[in-house]
Amino acid sequence: MNIFSGFLFNKSKYYGHVLSLGFNCEVSYQFFRHYHFVESGLFSWMGLEGVRSLINSLQHFDDIASQGFTHQGTMYQCNNSGILFHGRLTNKECEGLSEEEIVRKDTEELQSRLTHLKEKFWKAATDGKKNLYIYKHSPLDAEDMDGFIKEINLLYETLKNLITNEFDLLIVIEKKFLPECKENMFSSEHIFLRRVNYFNPPQCVTRKPNDRKSWKKIYKEFRPDFKLTKTKKYKFEQL
């Protein structure tokens, strides 16, 4: 029996894995706000330029995190994929360390973490469950309707080449973008398009104001059929 059976919605869809594909952390943050947990994944808490960067990374999956990182402000950029990942050292752990030591410790931990998350990506792709992958539109994606649809269709085909589980792809856009776009314009009935009124700026996805109402509606329709125990406190919870 589904653990959320007491909160059924007529159009709700349930998944054994719910995984963000970016383009940044807002997808995971809003899921966390609604369900109070997040399934950790390779693309859950990161930043990338757009769907073309994501497709390239998926097509060259083994190359992710294989050639080190470049320190970029508060994040670390993968030298192969260009994806930006967060370090995990706390301010307390950085006390007394030189910048060089901080970067070394952070990248060592990041390398280990991404190796684990890459393995987890494959496990989630092949364990027989039904998956949901979520991609949030980036300002660097195609600006025209036909171009964006073509990009998303290619993303779906790229995922199909990697994933043996049954899966859906959910695309989230702002209402002002592609207002005339219809779901049936995509290449598969497993691609869904949903809208929010606005996204938060990339540099402050965890701050108010944010369009929680629209995200809440989305996550009432696209739901996990599982519940995870929270084992850590995220940095944004400490602010």
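## Aromatic pairs

In this predicted model, the count of aromatic pairs comes to 16. One of them joins F31 and Y219 in an edge-to-face arrangement, with 5.2 Å from centre to centre and 85° between the planes. F31 belongs to helix α1 and Y219 to helix α6, so this pair ties together parts of the chain that are 188 residues apart in sequence. Both F31 and Y219 are buried.

Y219 also pairs with W215, and here the rings are stacked: the centres are 5.9 Å apart and the planes differ by 25°. W215 and Y219 are 4 residues apart in helix α6, which means that about one helical turn separates them. Buried means under 20% relative accessible area. W215 has a relative accessibility of 1% and therefore counts as buried; Y219, at 0%, is buried as well. Ring pairs link F31, Y219 and W215 with Y35, F37, F199 and F226 into a cluster.

## Helix α1 and its surroundings

Helix α1 covers residues 26-35, and 9 of its 10 residues are buried, so the helix is largely enclosed by the rest of the structure. The buried residues are E26, V27, S28, Y29, Q30, F31, F32, R33 and Y35. Two of these names, F31 and Y35, also appear in the ring cluster.

Which elements cover the buried residues of α1? The covering parts include the strands β2 (17-20), β7 (131-136) and β10 (222-224), together with helix α6 (212-221). After α1 comes H36, which has a positive phi, near 65°.

## E221 in helix α6

Helix α6 also contains E221. Is E221 buried or exposed? Its relative accessible area is 15%, so E221 counts as buried.

The side chain of E221 makes a polar contact with the side chain of R194, at 2.7 Å. When neighbours within four places in sequence are left aside, E221 is in contact with K11, S12, K13 and R194.

## Lysines over aromatic rings

K13, one of the residues in contact with E221, lies over the face of F222, at 4.9 Å from the ring centre. A second lysine, K136, lies over the face of F199, at 4.5 Å from the ring centre. F199 is also one of the residues in the ring cluster.

Technical notes:
Residues numbered from 1 in each chain as written. Predicted model: local features only at pLDDT ≥ 70, side-chain atom pairs only at ≥ 80, totals over all residues. Heavy atoms only, no water. Buried < 20%, exposed > 50% of the residue type's maximum accessible area, 1.4 Å probe, protein only. Helix = DSSP H or I, 4+ residues; strand = E, 2+ residues; numbered from the N terminus. Contact = heavy atoms within 4.5 Å. Polar contact = N/O pair within 3.5 Å; in protein donor to acceptor, adjacent residues only side chain to side chain. Phe/Tyr/Trp six-rings, centres within 6.5 Å; stacked < 30°, edge-to-face > 60°. Lys NZ or Arg CZ within 6 Å of the ring centre and 35° of its normal.
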